[in-house]
Amino acid sequence: MMDLFGQEEESRILELRKLLDEYNHMYYVQNRPVVSDFEFDRLMRELQDLEARHPELADPNSPTQHVGSDLEKGFRQAVHQYPMLSLDNTYSQEEVQDFFHRVEGLLNEPFEICCELKFDGLSISLVYHEGKLVQAVTRGDGVKGDVVTENVRTIASIPHTLKGGSGYLDDFEIRGEVLMPWASFDELNRQRELSEEPLFANPRNAASGTLKQQNPRIVAERKLDSYLYYLLGEDLPGNSHYENMQAAKSWGFQISEHMKVCRSLQEVMDYINYWDEERRNLPVATDGIVLKVNSIRQQKNLGYKAKSPRWAIAYKFQAEKALTKLESVSFQVGRTGAVTPVANLAPVQLSGTVVKRATLNNANFIESLDLHIGDMVSVEKGGEIIPKITAVDLDARKGAQNLQPVRFIDRCPECGTPLVRYEGEAAFYCPNSATCPPQIKGRIEHFISRKAMNIDGLGPETVDAFYQQGMINEITDLYSLSELEISSLDRMGTKSAQNILKSLDESRKVPFERVLFALGIRFVGETVAKILARAFKSLDALENATYDELIAVDEVGDKIARSILEYFQSPANRIILERVRQVGLQTRLSEVQMASLSDRLQGKSIVISGVFMHHSRDEYKSMIESNGGKNVGSISAKTSFILAGDNMGPSKKEKANKLGIPLVSEEEFLKMLEN
């Protein structure tokens, strides 16, 4: 039996896995990283250490066992002939030395390290047959990726047909980075600012978002670039990585001229130290140095770990910092009424961009720094995240006169309502959800989002335009819009208006659980909305539910229950809900959904593992939920059984046997639902 300390570590493992999966999703899919690379890698190492101490908790689905995924449904996927792995990251020169000495010990023979710049873009795999580009695939989840061949053909530095007509391999794959040069990035953001579109945070996000466009014409307009960095195939032209890249260069590929073969640790360190400064003069973003054992034979001998090669490592440059003046603090109001303070700074150059604003998180953060208007503050930006203030130069403050401390406001900056602070929360909120403009617009933006009602043609800019013109004031006003009203707005023609109206009409078929999520009830996310829809089956029943009935539902605790009650007790929300019914949105489970519901799996926690023949994993997850069961990601003593397909991981089998958890085959599971 696991002791209390062990139970705490198990809880931390599960917490870290969930957190890192979410960070991967935000980075690779949403192109909106929310933590620095350094913080992500710190958490990853913590998870690796905990998993090493608890091999009985091994899980092939853990973020330590696979790379992040940028797969998107809008693209066809293709399987990589060779898995696309990630590299181990390090942030200290001591760890670079450790890598060098580790390779030295494993090989026990002379070796070379090929050093090259780590370009900050989107990984790409290019497949050539008889000198012609036949397929371009993103890294995806490392096993398969999105096919983006037509988009890649618009990138001038990637050859459609190789040079010279001969000398290259008949079939090979070359990998590299698609990126957006600083000049293209600045021009793109300038155009987006003129169009009042959201700006891209950095070139990496811009490149990723561009390559995933469905229209190759848009990709061509944004002037992407590429650098290639690894050649794969049979009978490679050289015995070393450097030789192979020089051969690829002769075939017409853009290979960095800054690659260097180093024969000693000192040479490696000199290369790192040089580029830590010189990289600021490059026309593209870089975030580190990649070190690769040069010999292909030695690379094969060193081999691979679960998701990274033993023969390579990435040294990441430290986040850039700068000292600048805090000129003022402004306050922004979000969809839920949360008020976020933002520092307005004297412009300063960081990671290739001019920084004028930085997040201040909340009132506690401001108090911890003892911020004063006019302070000289240290601003940090890792190239991937919103800039943040990390420290105050107190020595500089000593000579300043009459600096005023930053105080958190006590009234909403938009509507003047006194702010409130809920028990146990750091944020202040504006409670005026009915008439506070940012909250109204935020709720409408949430309502039209892809995972909610999925209204094509609408976005934050159009919502703002509709609101400013007095055309909408809450979510159901969208269904009263006319073609004439929509087409009368700037940049809105008849065709756009027709598409929006068609999408609004189709949204009347969106199932009840998504409508419930779209309402924007605080703390009711996608999963909780599904659980509530299944438990209460209709909006009427949920609206009349008591506190005791709500907390009796799995996954619904005190905080969620009170939020639901508060939502339905609001007179303004009751009016909106009545209009939701009137415009014809789905307010109850469909007959098909009702027919599929049962309590056959009530109270059971089920892990899905392996490959299935009859249904997809997502379909099995839906079946489990429809029959009262709970999908869980990892095996524990609380797991009821494992729905086991083919190729189930041996570590999961071993753990299941150890804990006495039964394995249920696909056929047995389907029969279970028939009884």
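This is a short walk through the cores, the cavities and two backbone oddities of one structure.

Okay, before we start: what we're looking at is a predicted model.

Let's begin with packing. In soluble globular proteins, nonpolar side chains tend to be buried together. Here, the largest nonpolar core has 55 residues. Inside it, L478 and L532 have the most contacts. Which helices feed this core? Two or more residues each come from α13 (437-448), α14 (460-468), α16 (494-506), α17 (512-518), α18 (526-536), α19 (539-543), α21 (558-569) and α22 (571-582). There's also a second, separate core of 38 residues, and L122, F185, W251 and I255 are among its members.

If you want to click on one residue, try L532. Leaving out residues up to four places away in sequence, L532 touches L516, V524, K537, L542, L550, V556 and I564.

Now, the empty space. Rolling a probe the size of a water molecule over the atoms shows where empty space is left. How many cavities of 30 Å³ or more turn up in the whole structure? Two.

The largest cavity holds about 90 Å³. Its lining is I440, R443, I444, N473, E474, I475, A518, L519, Y567, N573 and I576. You'll recognise some of the helices: α13 and α22 each supply at least two of these lining residues, and α13 gives the largest share, with three. By class, that's seven nonpolar, two polar and two charged residues.

The second largest cavity has about 30 Å³ of space. Around it sit L57, A58, D59, S634, I635, K652 and K655. That lining counts three nonpolar, one polar and three charged residues.

Last stop, the backbone. Most residues other than glycine have a negative phi, and most peptide bonds are trans. Two spots here go the other way on phi. D370 has a phi near 50 degrees, so a positive value in a residue that isn't glycine. Where is D370? In the loop between α11 (363-369) and β15 (376-381). D370 has 40% relative accessibility, so it counts as partly exposed.

The other one is N454, with phi near 55 degrees, again positive and again not a glycine. N454 lies in the loop between α13 and α14. Is N454 buried or exposed? In between: its relative accessible area is 34%, so it is partly exposed.

So, if you open the model later, L532 is a place to look at the main core, R443 is one of the residues around the largest cavity, and D370 and N454 are there for the phi angles.

Notes:
Residues are numbered from 1 along each chain as its sequence is written. This is a predicted model: local features need pLDDT of at least 70, side-chain atom pairs count only at pLDDT 80 or more; totals for chains, interfaces and linings use all residues. Side-chain values use heavy atoms; hydrogens and water are left out. A nonpolar core is a set of buried Ala, Val, Leu, Ile, Met, Phe, Trp, Tyr and Cys residues joined through side-chain atoms within 4.5 Å. Buried means under 20% relative accessible area, exposed over 50%, partly exposed in between (1.4 Å probe, protein chains only). Helices (H or I, at least four residues) and strands (E, at least two) are DSSP runs, numbered from the N terminus. Contact means heavy atoms within 4.5 Å. On a 1 Å grid over the protein atoms alone, a cavity is a set of points where a 1.4 Å probe fits but cannot get out, and a pocket is an open set with protein on both sides within 12 Å along at least five of seven lines; lining residues have an atom within 4 Å of a point. Grid points are joined across faces, edges and corners, and a volume is the space filled by probe spheres set on the points. Ala, Val, Leu, Ile, Met, Phe, Trp, Tyr, Cys and Pro count as nonpolar, Asp, Glu, Lys and Arg as charged, and the others, Gly among them, as polar.
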